[in-house]
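Reader: I would like to see how the descriptive words are earned. Please show me the structure first.

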Amino acid sequence: MSLTLEQLQDRLAKLETSRNAGNDPLSQEIAALQGLVEQFNNIESDHFKQAAFLQQLFDLIPIGIAIHINGIITMINPTGVRVLRARSEEELLGKKAIDFVHPDFRERAMMRIQQLLDEPAQTDFSTVPFVEEKFLTVDGEPFDVEAAGIRMAPTEEGTPILVLWRDITEQKRQHRALEESEARFRQLVSLLPDGVVIHKDQKIIFVNEAAVKMMKVDEPEQLIGRTVGEFLLPEERTFVEQRIQQLLTRWEALPISKNHLVRPNGETFLVEVRAFPFMERGEKAILLVVRDITEQERMREELEKREARFRLLADLLPAVVYLVDEHGEVLYLNQSLDDWWGYSLDEIKTMDYFKIIDREDLLHALKVFRSLKLGESAYYELRVLDKSGAAHWVAVRTTKTMLEDRIVGLGVALDITWRKEMEQALKQLTHRLVTSLEEERRRIANELHDEVGQQLVGMKFALERALRQVQPTAARDAIQDAMHQLADLTEQVRELSLSFRPAMLDNLGLLPTLLWHFKRYAARTGIHVRFQQKGLDEVRLPQSHAITIYRVVQEALTNIARHADVDEAAVEIRVSSDRLFLKIVDNGRGFAPDEVLRNYQSTGLKGMMERVELLSGELTIHSQPQKGTTILATIPLSSPSDFSQ
Amino acid sequence: MIRRQHITVYLADDHQIVLKGISSLIDLEPDLHLVGCTTHSAEVAPAVIRLRPRVLVLDLGLPGIPGNEIIRTLHSMRTVHTKIVVFTMHKDISYVVQALDEGALGYVIKDADSAHLIEAIRAAARGEKYLCPPFTWEELESYREQLRRSKGGADFYEHLTRREREVLLYVAQGFTNKEIASILSLSVRTVEKHRYNMMKKASFKNKAEVVHFALQRGLIPSSSEE
């Protein structure tokens with residue numbers, strides 16, 4: 001216990017240096033010691049109190065302290081007892097000190113003790129060498145310690161050796177964990193596809209494998225030790241140096257930059273660089289993550305070239321090509337619009353273009369577009385109002401796609417006004433044709449029925465009168481002959497009139513006319529018509545609808561008689577509040593409708609379709625060779641078009 | 001002078017030549033007496049009310065008021081006891097049924113032997129029905145039967161609401177409830193409700209049946225052949 005106060009303070013200073021070197025776990029001990037030293041200073045004058053204090057220090061200090069003389073433990077403080085996991089001081093006193101040193105370290109420990117005994121008594125404790133070794137607990141469990149021995153003044157029994165030790169098991173464990181994590185980190189860096197470079201004062205001190213590969217050298221050593229500037233283009237050096245300065249002064253990561261690198265073999269290539277400042281062994285260093293973007297850049301340029309070609313193509317198209325987002329904002333518009341609808345490109349880009357589209361058409365288009373799935377396309381026609389307010393018909397084909405994070409519509413719009421006008425003209429023409437045809441048929445049918453027919457009846461009366469008045473048999477025979485011929489002629493005229501247009505269609509309506517037609521048809525062709533109707537006997541159809549249905553049925557049945565080779569056909573008519581439905585079915589030979597229609601082989605089929613379309617209805621023909629034919633027609637009921645009286 | 005047992009006859013026909021023919025025929029029959037004639041449809045009913053003939057011989061095709069309407073009007077009058085014989089060029093059973101249904105007693109076609117007209121007038125005067133050949137009462141019945149047979153039963157489609165029909169149409173076209181909702185500007189819940197009701201009314205078991213029905217009905221065009 002000959003430790004002087006100065007020596008204690010000196011030891012304290014040593015510990016503090018050790019803490020600054022990064023061995024933090026000691027700091028608590030140092031703080032405790034410092035507190036004690038301050039107390040000690042206050043009681044310096046009183047030796048008794050000093051002794052008591054030192055005893056207290058001996059008891060409380062969290063460092064194991066033991067004294068052994070001739071290898072036998074003669075004294076040990078409570079911390080020592082605890083660390084060796086003994087139950088009491090008595091358990092250890094009188095034991096051999098060397099038994100508590102791990103067998104691996106015993107030889108060295110013995111040597112050090114011998115050295116202490118051989119050397120002159122120490123006065124400068126600041127040089128006490130702490131060494132790492134392993135001790136054993138009373139149960140033989142090894143644990144890591146930091147230990148030092150001090151030779152004290154000899155006594156009668158021998159020279160006491162003071163041993164100080166500290167349990168550093170936890171520190172060792174942490175150190176190992178750190179080493180492992182650093183190893184993992186190094187492995188990670190070596191596996192990174194990006195080049196990783198660390199430089200200090202522009203001198204390269206670390207490169208990973210990717211960096212070596214990127215620079216096309218064989219060994220990291222070919223890069224380490226060289227300066228960053230050696231791998232830069234002369235014209236980019238200033239830029240890079242400025243960035244390094246910025247990094248060092250701001251001490252935070254900078255935005256990604258692009259610059260070229262020069263390989264030792266003289267090739268240059270483009271890289272993207274991320275830079276982070278950090279402390280490396282107390283000095284400022286810069287970590288660079290470098291990515292070769294030559295290929296990426298080449299692709300981008302290629303894409304730009306392609307896009308330019310497409311833009312040019314789009315500008316040459318006699319159509320509007322557009323890209324519009326969900327809110328109607330135009331993102332792209334080709335240049336051909338200059339010649340369209342009287343608007344300039346600038347005007348159309350800045351205006352609310354929704355306003356120049358017919359509202360009803362626009363709503364329809366938006367509905368269709370919204371129900372599209374990504375990647376699907378749709379076709380619709382809409383009206384665009386030109387600068388003078390006149391409507392132009394435009395056909396639009398659009399697709400829904402993603403542009404960056406937005407849903408956009410990419411579309412092509414073609415002015416089809418001329419086509420619409422042609423269609424309209426054609427429709428009107430067809431309408432006039434059908435109307436005048438029906439009118440003419442009706443007129444002829446009436447003429448035959450009312451005029452010719454009644455004249456014939458008049459003649460019949462005259463002949464009947466004559467028959468009553470003449471007596472000679474020869475004359476009577478001649479008159480009766482004439483009467484027979486007259487009856488035949490009347491029947492022929494009646495048939496002719498009906499075949500032009502059955503008067504009952506106008507007089508009695510569609511239902512009796514159809515029944516009459518089916519009966520006549522069966523008599524002439526031998527084909528029985530199964531007929532089903534709903535509502536036809538309750539509703540009087542508009543004349544235009546009645547005549548259309550009659551003509552379609554007539555045409556279809558004529559076709560069946562000509563081509564189908566069946567003895568039965570079915571007709572179904574349903575009238576509901578808003579539409580008329582017609583179905584004509586046979587199980588006969590069938591045909592390929594597309595082919596027949598395309599080749600204009602049947603003006604009859606085309607005529608049926610046209611008549612139905614004139615009433616805004618739709619007629620479809622479903623047929624296949626050997627599988628029969630089904631004709632379906634639906635006609636809305638409330639069509640303003642009425643082409644027959 | 002008109003004797004009490006004489007059958008008084010009024011003629012309505014827009015052809016002079018026919019009027020002349022009939023009147024000369026009637027003149028030959030001692031029990032028939034012509035009380036008047038007209039070529040105008042509007043004059044028929046007033047003349048009948050005024051002259052009260054036993055029998056009216058009526059052409060169905062007078063310009064103006066349709067013949068069947070004249071029959072209906074006269075038949076519905078309680079004070080008029082005139083019997084009607086239709087004399088016409090129309091030789092289809094549907095005209096016969098219609099005229100008899102409206103209240104005519106006899107039906108004679110103009111190009112038949114004139115004796116049939118005289119017989120029909122006498123029968124009508126007795127309150128009896130008369131059909132001239134080639135018509136028969138059996139043919140009349142079979143036509144009525146044909147009419148009855150053609151009449152299809154009520155169809156669920158007519159009981160659907162406008163919305164249910166729309167939903168049916170879009171379901172058949174393969175739209176999802178969500179898409180239908182956006183097309184019709186309805187909530188998905190509402191579309192689900194209409195769809196449920198539609199399927200229930202139609203007793204459709206699955207979507208395939210909806211498509212089949214819509215195709216059969218021509219509600220949706222079929223690009224592929226059936």
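Author: What follows goes through the two chains, some of their helices and the contact between the chains.

Reader: What kind of model is this, and how are residues and chains labelled?

Author: This is a predicted model, in which local features need pLDDT of at least 70, side-chain atom pairs count only at pLDDT 80 or more, and totals for chains, interfaces and linings use all residues. Residues are numbered from 1 along each chain as its sequence is written, while chains are lettered from A and ligands numbered from 1 in the order in which they are written.

Reader: How many helices and strands are there in chain B, and what makes a run count as one?

Author: Chain B has ten helices and six strands, and chain A has 19 helices and 20 strands. Both kinds are DSSP runs, numbered from the N terminus: helices are H or I with at least four residues, strands E with at least two.

Reader: What share of each chain is buried, and what makes a residue buried?

Author: A residue is buried if 20 or more other C-beta atoms, placed from the backbone, lie within 10 Å of its own (12 or fewer is exposed, in between is partly exposed). By that count, buried residues make up 35% of the 226 residues in chain B and 23% of the 645 residues in chain A.

Reader: Why are H2(B) and H3(B) called roughly parallel?

Author: Helix H2 (residues 41–51) and helix H3 (residues 67–76) of chain B pack at about 15 degrees, with axes 10 Å apart. Axes are lines fitted to C-alpha atoms, for helices over the stretch in contact, and angles run from 0 to 180 degrees between N-to-C directions. Angles under 35 degrees count as roughly parallel, over 145 as roughly antiparallel, 65 to 115 as roughly perpendicular and the rest as oblique. The pair H2(B) and H3(B) is therefore roughly parallel.

Reader: Which residues of H2(B) and H3(B) make the contact?

Author: Ser41(B), Val44(B), Ala45(B) and Val48(B) of H2(B) meet Ile70(B), Thr73(B) and Leu74(B) of H3(B); contact means C-beta atoms, placed from the backbone, within 7 Å. These residues divide into five nonpolar, two polar and no charged. Nonpolar covers Ala, Val, Leu, Ile, Met, Phe, Trp, Tyr, Cys and Pro; charged covers Asp, Glu, Lys and Arg; the others, Gly among them, are polar.

Reader: Why is H17(A) called roughly antiparallel to H19(A)?

Author: The axes of H17(A) and helix H19 (residues 603–614) of chain A come within 10 Å and cross at roughly 160 degrees. That angle makes the two helices roughly antiparallel. The contact of H17(A) with H19(A) has three nonpolar, four polar and three charged residues.

Reader: How do you know that the span of H9(A) agrees with what is expected?

Author: The expected span is 1.5 Å times one less than the number of residues. Helix H9 (residues 234–250) of chain A has 17 residues and should span 24 Å; its end C-alpha atoms are 25 Å apart, so the values agree. Trp251(A), which follows H9(A), has a positive phi near 60 degrees.

Reader: What do the buried residues of H16(A) pack against?

Author: In chain A they pack against helix H15 (503–507), strand S16 (528–534) and helix H17 (543–564), and in chain B against helix H4 (93–102) and helix H6 (137–150). Among these buried residues are Trp516(A), Phe518(A) and Tyr521(A).

Reader: How many residues does each chain give to the contact between them?

Author: Chain A gives 43 residues and chain B 34. Helix H13 (residues 417–469) of chain A supplies the largest share of its side, twelve residues.

Terms used
Two residues are in contact if their C-beta atoms, placed from the backbone, lie within 7 Å.
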